[in-house]
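Visitor: Could you show me around this structure and let me ask questions along the way?

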Amino acid sequence: MKILIMAAGSRGDVVPYTGVGARLRAAGHEVTLATHAPYARAAADAGLAFRLLPADPRGGDARDGTGGGEGTGGDEGTGGSGGASGGGGSAPRGRRALLRTASAFVGRLGQGMVDAAEPGTDLLLLSTTTAPLGWHIAEALEAPSLGLYLQPTAPTGDFPPVVGGTRSLGRWGNRAAGRLALRVVDRIHADAARDLRRRLGLPAAEARAVREAREAARWPVLHGFSQALVPRPRDWRTGLEVTGNWWPHLPADAALPAELADFLAAGPPPVFVGFGSMGGGAGERLSELAARALRDAGVRGVVQAGWAGLAAHGDDVLTIGEVPHALLFPHVAAVVQHAGAGTAAAAARAGVPTVPVPVLADQPFWARRLAASGAATPPIPFAELTAERLTAAITTAVREPAPRSGAQRLARAMATEDGAGAVLRAVGALAAAGG
């Protein structure tokens, strides 16, 4: 089959699909990844064809490849934090400003998605950020589609909305809040949906009506996170499944940079500190805070620059750029991170405790999930982060046995899951059913 995967957002919103694409390609499918310019190399490394999507949330013009470099980010999964706001950003801004920014982002994105889609595509695989636009394109192409989501967006009584839900409202309240969250997404996509349908020659239809039609038809959605971290809600409809994580493709010859490998070998396991696509504009403050906390906790550190440009120096601290978390995390004592979905999962997969410092979007959700599983210390909201609180959390993560035990327990459960294999089986079932 000719399969087109469409993914948009920060690095963590995109690179998990390279692993899925590589698995599908190995099974004989012709796979193309449509995404932003900075991820072209990741697609090529996985053996996937590449098509350009504009509106890279880091800024710049993705059409000429200036929308952010191949990356200091190293964020293997912000899980919607970049794509949700249209920016990798820092602390949350006002609600109206975020809605305007998000609407502008999806407007540019929608036009690029039409350009990236081609007649003859047998199947569209749509991410959380591309699905509300991809539905219209699939309709125009008369092609089947399948949702591949990194977050649980369908309303449920089990927990409040992943984005914006800070505490449980009870089962009825959680479901009501979830439905309201979907209507906010409809509002963000309203103008872009109308423009797309006009350009595609489709009859007029509101974004909400198209979404509800998909729901009524039980459109299938696979979710790429672990059941051990978020069990499938018991009130979800048929067609919504949880498969286990989709891991970024890792080339067979991938290795840690020599400087990093030497640093790891020169002493006890360090603590990793990284905020991926978060912390923009706060790099100097975060760098000073991280250096002080590492020193006061009496541990070595590896600080990842990320979009904020963190930098720390000294005999016991090394600053790095982009490094696959799958290679690095098994060698560290703990991971201080923003709790993006993929970064959180990568730490859990390595059996390493997390110190979560969530910034926005879905990050508080994943931070709470990690803490509830026993694999993390209690979350420290980004706006409340101090050197003293970070020192105490690092000390707990490194010195106390409970967080490591919880992380190792979670790692064992995740090792039994095959998320990419579940996607492959779903695609095979669609092909057998004729779409």
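Guide: Gladly; what follows is a walk through this predicted model, one question at a time.

Visitor: How many helices and strands does the protein chain have?
Guide: A quick census is a good start. Of the 435 residues of the protein chain, 56% count as buried. As for secondary structure, the count comes to 16 helices and twelve strands.

Visitor: In which helix of the protein chain is confidence lowest?
Guide: The mean pLDDT of the protein chain is 87, with 89% of its residues reaching 70 or more. At the high end is β6, at 98. Confidence is lowest, at a mean of 39, in α4.

Visitor: Over which residues is the pLDDT below 50, a stretch that still has contacts in the model?
Guide: Beyond near neighbours in sequence, the stretch has 131 contacts in the model. Where pLDDT is low, the predicted coordinates should not be read in detail. The stretch with pLDDT below 50 is residues 60–92.

Visitor: In what order do the seven strands of the open sheet come?
Guide: The pairing in this sheet is parallel. Its edge strands, each pairing on one side only, are β3 (49–52) and β7 (240–242). Read across, the order is β3-β2-β1-β4-β5-β6-β7.

Visitor: By how many degrees are neighbouring strands of this sheet turned against each other on average?
Guide: Here the direction of the strands is ignored. On average, the turn between neighbours is 25 degrees.

Visitor: Which residue in β3 stands opposite Leu 33?
Guide: Strand β2 (residues 30–35) runs parallel to β3, and four bridges join the two. Along this pairing, Thr 32 stands opposite Ala 49. For Leu 33, the residue opposite is Phe 50.

Visitor: And on the β1 side, which residue in β2 stands opposite Lys 2?
Guide: Strands β1 and β2 run parallel and are joined by five bridges. β2 itself is mostly covered, with five of its six residues buried. Opposite Lys 2 stands Glu 30.

Visitor: Which strands does helix α16 lie across?
Guide: Two helices are worth a look here. Helix α6 (residues 131–141) lies across β4 (123–126) and β5 (145–149), at about 175 degrees to β4. Helix α16 (residues 419–432) runs at about 165 degrees to β5. The strands that α16 lies across are β1, β4, β5 and β6.

Visitor: Which residues have the most contacts inside the largest nonpolar core?
Guide: In soluble globular proteins, nonpolar side chains tend to be buried together. In this model the largest such core has 49 residues, and its largest share, eight residues, comes from helix α5 (residues 95–116). Another core, of 33 residues, lies apart from it and includes Ala 290 and Ile 394. In the core of 49, the residues with the most contacts are Met 6 and Leu 370.

Visitor: Leaving aside its neighbours within four places in sequence, what is Met 6 in contact with?
Guide: Several of the partners have neighbouring numbers, among them Ala 116 and Ala 117, as well as Leu 125 and Leu 126. The full list is Ala 34, Met 113, Ala 116, Ala 117, Leu 125, Leu 126, Ser 127 and Thr 130.

Visitor: Is Gly 244 buried or exposed?
Guide: Gly 244 sits in the loop between β7 and α9 (258–265). Its C-alpha atom is separated by 4.6 Å from that of Phe 225, 19 residues apart along the chain. Further contacts include His 223, Ser 226 and Glu 417. Because its relative accessibility is 0%, under the 20% cut-off, Gly 244 counts as buried.

Visitor: Glu 142 lies in a loop; is it buried or exposed?
Guide: Glu 142 is in the loop between α6 and β5, and its phi is near 55 degrees, a positive value. Most residues other than glycine have a negative phi. The relative accessible area of Glu 142 is 74%, over the 50% cut-off, so this residue is exposed.

Visitor: Ala 339 also has a positive phi; is that residue buried or exposed?
Guide: Phi of Ala 339 is near 70 degrees. The residue belongs to the loop between β11 (334–337) and α12 (341–349). Since its relative accessibility is 0%, Ala 339 counts as buried.

Methods
Residues numbered from 1 in each chain as written. Predicted model: local features only at pLDDT ≥ 70, side-chain atom pairs only at ≥ 80, totals over all residues. Heavy atoms only, no water. Core = buried A, V, L, I, M, F, W, Y, C linked by side-chain atoms within 4.5 Å. Buried < 20%, exposed > 50% of the residue type's maximum accessible area, 1.4 Å probe, protein only. Contact = heavy atoms within 4.5 Å. Pairing = 2+ DSSP bridges. Axes fitted to C-alpha atoms, helices over the stretch in contact; angles between N-to-C directions. pLDDT = per-residue confidence, 0-100.
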